[in-house]
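Visitor: Please take one part of this model and describe closely how its helices pack against each other. I would like the criteria stated along the way.

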Amino acid sequence: MSTARPYHHGDLRAAVLSAAVDVITERGAANVSLRDLARRAGVSHAAPAHHFGDKAGVLTAVAAEGFDLLADALTAALERAGSFLDMGVAYVTFAVAHRAHFEVMFRPDLYHPDDADLLAARERAGAALAGGVGSLGARATADDARLSGLAAWSLVHGFATLWLTGGLPPGFGDDPAAEARAVAGVLFRTPEFAPVPEEEPTPRAP
């Protein structure tokens, strides 16, 4: 006799994804199994496979959900503060708050990288990042802006990864947002990232 708990129609996807996030948080993405997810979600052993196909299908959905959540966080930060520095802090805050998603999102070897929902979610997150590049004050060419955006992303992504893996040197505090703001601020004070001053209006001839 099955011991699976009943679930409401339409909740299977959310229940399995929630279980997957729990497993990844506890033991890492390598230890996700459909049988364990079914047990945790309280559904039949066949239910996750029927809905997601395989383990990679589950991790694809986790990654897509993560990119959507990241896009929301970055967009909200830009709308609130209009600063790429605040977007960088939001990026680190997202990574710490959604550790399981962050672990999977940038590991295309774990999921189906050509999945339509995943591609759309990743595009949303990329567009949100690109939307903040203008606030960096990058000068001259589009190439400069692209490289400045990549430099800024690399910094906050690297900081988030070091924070999550315990790779930062001793002496940092216990507030990732505050520490990320301090570290990113060093980069954003350099001439390449300084705000471009507004041009003074040309005086009219008398």
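Guide: The axes of α1 and α4 cross at roughly 90° and come within 10 Å of each other. Axes here are lines fitted to C-alpha atoms, for helices over the stretch in contact, with angles from 0 to 180 degrees between N-to-C directions. The two helices, α1 and α4, are therefore roughly perpendicular (65 to 115 degrees; under 35 is roughly parallel, over 145 roughly antiparallel, the rest oblique). The model is a predicted one, in which local features need pLDDT of at least 70, side-chain atom pairs count only at pLDDT 80 or more, and totals for chains, interfaces and linings use all residues. Residues are numbered from 1 along each chain as its sequence is written, and side-chain values use heavy atoms, with hydrogens and water left out.

On the α1 side, R13, V16, L17, A20 and I24 are in contact (heavy atoms within 4.5 Å) with α4. The α4 side of this contact consists of V58, L59, A61, V62 and E65. By class, the contact of α1 with α4 holds eight nonpolar residues, no polar ones and two charged ones (Ala, Val, Leu, Ile, Met, Phe, Trp, Tyr, Cys and Pro are nonpolar, Asp, Glu, Lys and Arg charged, the others, Gly among them, polar). The charged pair is made up of R13 in α1 and E65 in α4.

Helix α1 (residues 12-27) also packs on helix α2 (residues 34-41), their axes coming within 9 Å and crossing at roughly 115°. Helices are DSSP runs of H or I of at least four residues, numbered from the N terminus. The crossing of α1 and α2 is right-handed (near helix turned clockwise from the far one by less than a right angle). From α1 the contact takes A15, V16, A19, A20, D22, V23, E26 and R27, and from α2 it takes D36, L37, R40 and A41. Seven of these residues are nonpolar, none is polar and five are charged. The charged residues are D22, E26 and R27 on α1, with D36 and R40 on α2. V16 and A20 of α1 belong to this contact and also to the one with α4.

Back on α4, the next partner to consider is α5. The axes of α4 and α5 lie 8 Å apart, at an angle of about 150°, which means that α4 is roughly antiparallel to α5. Their crossing is right-handed. In α4, the residues that meet α5 are G66, L69, L70, A73, L74, A77, L78 and A81. The α5 residues that meet them are D86, M87, A90, Y91 and F94. This contact of α4 with α5 comprises 11 nonpolar residues, one polar and one charged. The polar residue is G66 and the charged residue is D86.

Y91 links this pair of helices to a further one. H157, a residue of helix α8, touches Y91, F102 and F106, leaving aside residues up to four places away in sequence. H157 and Y91 are 66 residues apart in sequence, yet their C-alpha atoms are 7.6 Å apart in space. Y91 therefore has contacts with α4, as part of the α5 side, and with H157.
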